[in-house]
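Hi everyone, thanks for coming. I'll walk you through one model today, starting with its empty spaces and then going on to how the pieces pack.

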Amino acid sequence: MNSITLARNAARALAKTVLAISTVLGSGVAVAQTATQIATGGVTGTNYMIAAPLANYINENSKILRVSPSTSGGAYENLRRVDSAQAQFGMTQPDAMTKAWNGEKPFDKPMRNWRVIGVATPQMAIHVIALHKNEIRTVSDLKGKTFAIGAPGSGSATGTSLFLDYVGMKNDVNIRMESHQDYPSQLLDGKLQAFARLGSVPAAVVDEVAASQPVNLVDFSLALENSKFLEKYPFYQKVVVKAGTYKGQDRDITMFGNASYLIVGKDVPNELVYDFTRLAYSDGAIKKVEMAFKGSNLNRSNPLEGSMGPVHPGAAKFWNELGVKIPDAKLK
């Protein structure tokens with residue numbers, strides 16, 4: 001057994017091992033808590049901004065779970081972490097689910113050691129942000145420019161790369177992939193002419209840059225229509241961001257993107273997943289997340305819409321109690 005196998009076995013054991021002991025205040029009774037991680041994304045991204053207050057709420061209200069949000073490159077890296085049990089929970093998207101399950105690039109083999117919990121935030125969009133003075137308004141204007149498409153392992157980088165390749169533009173731009181948090185300053189300093197970021201609408205990163213200089217959001221409408229990209233890759237959808245959503249935005253802007261889902265390792269015990277799901281979609285958690293990050297998140301009424309993979313039995317138990325129909329997994 002090599003060192004990699006040993007490390008993976010040790011990580012898998014984490015899901016079933018009691019790692020922390022806490023005391024219920026006022027009772028004096030020691031209660032076992034399992035320490036877990038939830039893989040998210042960059043600290044200013046949608047996933048982290050949802051996961052941080054969510055983990056805090058679960059930790060305040062669960063007797064058996066201790067959840068720590070961890071930063072990452074994003075959806076594709078998160079799926080790898082959960083599949084290998086480096087993290088017990090994570091946030092990912094339908095495109096990453098599909099490619100991982102089938103072993104398609106950027107994955108080098110099928111990854112099926114994960115299960116779905118429910119939607120984290122519906123219908124995010126890949127925002128491509130440029131400074132107004134650089135006059136980048138449409139996809140074709142990106143030709144010859146230095147374009148940061150997202151952090152390695154992120155849904156933004158993978159989706160943008162797939163699009164550029166599909167429309168024959170991958171060799172027409174100077175592509176860069178670095179940490180998400182570096183992009184705003186690099187754009188303002190002129191080291192980049194545009195960068196991509198997947199997030200809910202409105203996305204905080206757009207306002208962050210616009211606070212310093214006027215910005216343009218790149219419109220994908222003509223490129224999507226002419227290329228039929230969304231027909232080829234139906235796990236993406238068109239997103240129209242209405243005029244006035246962002247400072248200085250005087251017209252509707254068309255982008256593409258998809259929803260984010262909470263996933264969990266398939267070997268994480270049912271009782272832990274049930275408790276996580278019960279608390280994550282409670283009124284208290286939804287309110288806490290909304291206070292920290294405005295947007296339509298943690299949809300309890302239709303939590304499995306658009307999901308691709310099988311649902312974890314622990315999550316399914318909770319959804320059955322609420323009368324939610326568990327759909328047949330599209331990935332089998």
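First, a definition: on a 1 Å grid over the protein atoms alone, a cavity is a set of points where a 1.4 Å probe fits but cannot get out, and a lining residue has an atom within 4 Å of a point. Points are joined across faces, edges and corners, and a volume is the space filled by probe spheres set on them. Housekeeping: this is a predicted model, where local features need pLDDT of at least 70, side-chain atom pairs count only at pLDDT 80 or more, and totals for chains, interfaces and linings use all residues. Residues are numbered from 1 along each chain as its sequence is written, and side-chain values use heavy atoms, with hydrogens and water left out.

So, how many cavities of 30 Å³ or more are there? The count comes to four, and the largest has a volume of about 160 Å³. It is lined by 18 residues, and closest to its centre are Gly41, Asn47, Gly74, His180 and Leu198. The lining has four nonpolar, 13 polar and one charged residues. For those classes, Ala, Val, Leu, Ile, Met, Phe, Trp, Tyr, Cys and Pro are nonpolar, Asp, Glu, Lys and Arg charged, and the others, Gly among them, polar. Helix α2 gives the most to this lining, three residues; helices (H or I, at least four residues) and strands (E, at least two) are DSSP runs, numbered from the N terminus.

Next, the largest pocket, at about 250 Å³. A pocket here is an open set with protein on both sides within 12 Å along at least five of seven lines. Of its 16 lining residues, Lys105, Pro106, Ala157, Thr158 and Ser161 are the closest to the centre. Helix α5 supplies the largest share of that lining, four residues. By class, the lining splits into eight nonpolar, four polar and four charged residues.

Now α5 again: it lies across β6, β7, β8 and β9, at about 120 degrees to β9. Contact means heavy atoms within 4.5 Å, and angles run from 0 to 180 degrees between N-to-C directions of axes fitted to C-alpha atoms, for helices over the stretch in contact. Those strands belong to an open five-stranded sheet, ordered β8-β7-β9-β6-β10 with mixed pairing. Pairing requires at least two DSSP bridges between two strands. Within the sheet, β6 and β9 run antiparallel and are joined by five bridges.

Last, back to α2: its axis comes within 9 Å of that of α11, crossing at roughly 145 degrees. Questions?
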